[in-house]
Amino acid sequence: MSAVMTQPDTHHGVTADGTPDYVAEPAAEEIAAHAGEPRLSVAAVARRLGVAPATLRTWDRRYGLGPSDHTSGRHRRYGPQDVARLELMQRALLRGASPAEAARYALTAPLPSLQVATSLVGEPPQEAAAPPVSAEPLLLAGGEEDEQEGAGIRVGGRVLRLPGAGRRARGLGRAALAMDAAAALRLISDAIAEDGVVSTWDGVIRPVVCAVGERWEHSGAGIAVGHMLDECVVTALSRATASAPPPRNPRPVLLACMPDEQHSLPIKALGAELALRGVGTLTLGAAVPPDALAAAVRRTAPAAVVLWAHLPRNANPDLLTALPRPRQRVRVFAGGPGWEPVLLPSQIELLYGLGSAADRLEQTVVGVGGVATGAARS
């Protein structure tokens, strides 16, 4: 998507540190019209938007997104127009724009009809209609980095480290930390629709999921973020496969996690990719007990079984060879970074990467396609 960005019709200079010095000045009648409306402190606006007060001060100092009538020596007080522009900036950030791009958008885009005045002291306003495409921010894969110079994404003092991430992954990181499920779901769904499950998994979902997990491991925070993100991913995958073609294989591919293994998102992504290829699957999900797995194999006689282990402590090779052997041959695969290749029985094949795993399983159960090789395990 591209759009022509225009800046306010004012002098466009830069300060000594290279930041823009322009500020969109409100019209005199606009100020007068809202002069009697409630005004919020920095702390109140920060709570409303879910960001740190220091972030608002930075947006004011660097991009001119501050109180429209603030004077030196007085506390910042934000009016309805000011809050509406900050919400436009936050919406652009959640869509993957850099702070500078989001600020330009917020300063130049037409404001939605302001029913903000009464909501400042009560319930948040209803979501405004999306602006026309020509007014949306220019979302670039490169260009100016976040204020933290690419080290991570900060929202309210919290960090997701996403080195080298693209715009969609950065946007998903912001949406996740802001607990904005609607934005996260929209970003994932759009990426799947445009680029497919494999590219979205490798370039958007997995980096953010790993970053959330890393944050939890180091700080103990982010459990709620992780659960919300998982639900958004599962929902997006389900929607993407709602119109999948009929399966070409009479016997399904059985996808399951090892006992005690809770990381089921990768096999759900694998199941979605296979479904879109016309390969039927049966997904059992996380932490499948050995007896339940054995019963499923006996009842469904799958063409292939994939057992996922994310953590080494959950990767038990004995379970792979203990599966029931129906009359028809069942190919058994191991998937996930928990498996140690040298410890696997010779008849068990280790799958690498989401795309190559789907290629291999498709070739195994329907006899088409080549066998792709992957450089790293999912």
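**Notebook: strand 7, its sheet and the largest pocket**

I began with strand 7 and found that 5 of its 5 residues are buried, so strand 7 is largely enclosed by the rest of the structure. I keep in mind throughout that this is a predicted model.

I then asked which residues lie on each side of strand 7. Ala304, Val306 and Trp308 are on one side and Val305 and Leu307 on the other, and since I found all of them buried, I noted both faces of the strand as covered. This agrees with what I know of regular strands, in which side chains alternate between the two faces of the sheet.

Next I looked up the partners of strand 7. Strand 5 (residues 253-257) runs parallel to strand 7 (residues 304-308) and is joined to it by 5 bridges; within this pairing, Leu254 stands opposite Val305, and Leu255 has Val306 as its bridge partner. Strand 8 also runs parallel to strand 7, again with 5 bridges between them, and here I found Phe333 of strand 8 to be the bridge partner of Val306.

I widened the view to the whole sheet, which is open, has 5 strands in the order 6-5-7-8-9, and shows parallel pairing. Strand 6 (281-285) and strand 9 (349-351) are at the edges with a single partner strand each, so one side of each has no neighbour in the sheet. Ignoring direction, I noted an average turn of 25° between neighbouring strands.

I also looked for helices that pack on this sheet. Helix 11 (residues 290-300) does so by touching strand 5, strand 6 and strand 7, and its direction makes about 175° with that of strand 5. Helix 13 (residues 354-366) packs on the sheet as well, touching strand 5, strand 7, strand 8 (331-335) and strand 9, with its direction at about 175° to that of strand 8.

Turning to the largest pocket, I recorded a volume of about 1,100 Å³ and a lining of 32 residues, of which Val209, Gly213, Asp230, Gln262 and His263 lie nearest the centre. Which helix gives the largest share of this lining? I found that helix 8 does, with 9 residues, while helix 8 (181-219), helix 9 (223-240) and helix 10 (265-276) each supply at least two. By residue class, I listed the lining as 13 nonpolar, 10 polar and 9 charged.

Last, I noted the protein as a whole: it has 13 helices and 9 strands, and buried residues make up 47% of its 378 residues. Among contacts between residues at least 6 apart in sequence, 71% join residues at least 24 apart.

Conventions. Residues numbered from 1 in each chain as written. Predicted model: local features only at pLDDT ≥ 70, side-chain atom pairs only at ≥ 80, totals over all residues. Heavy atoms only, no water. 1 Å grid on protein atoms, 1.4 Å probe; cavity = no way out; pocket = protein on both sides within 12 Å on 5 of 7 lines; lining within 4 Å. Points joined across faces, edges and corners; volume = space filled by probe spheres on them. Helix = DSSP H or I, 4+ residues; strand = E, 2+ residues; numbered from the N terminus. Nonpolar A, V, L, I, M, F, W, Y, C, P; charged D, E, K, R; others polar. Pairing = 2+ DSSP bridges. Axes fitted to C-alpha atoms, helices over the stretch in contact; angles between N-to-C directions. Contact = heavy atoms within 4.5 Å. Buried < 20%, exposed > 50% of the residue type's maximum accessible area, 1.4 Å probe, protein only.
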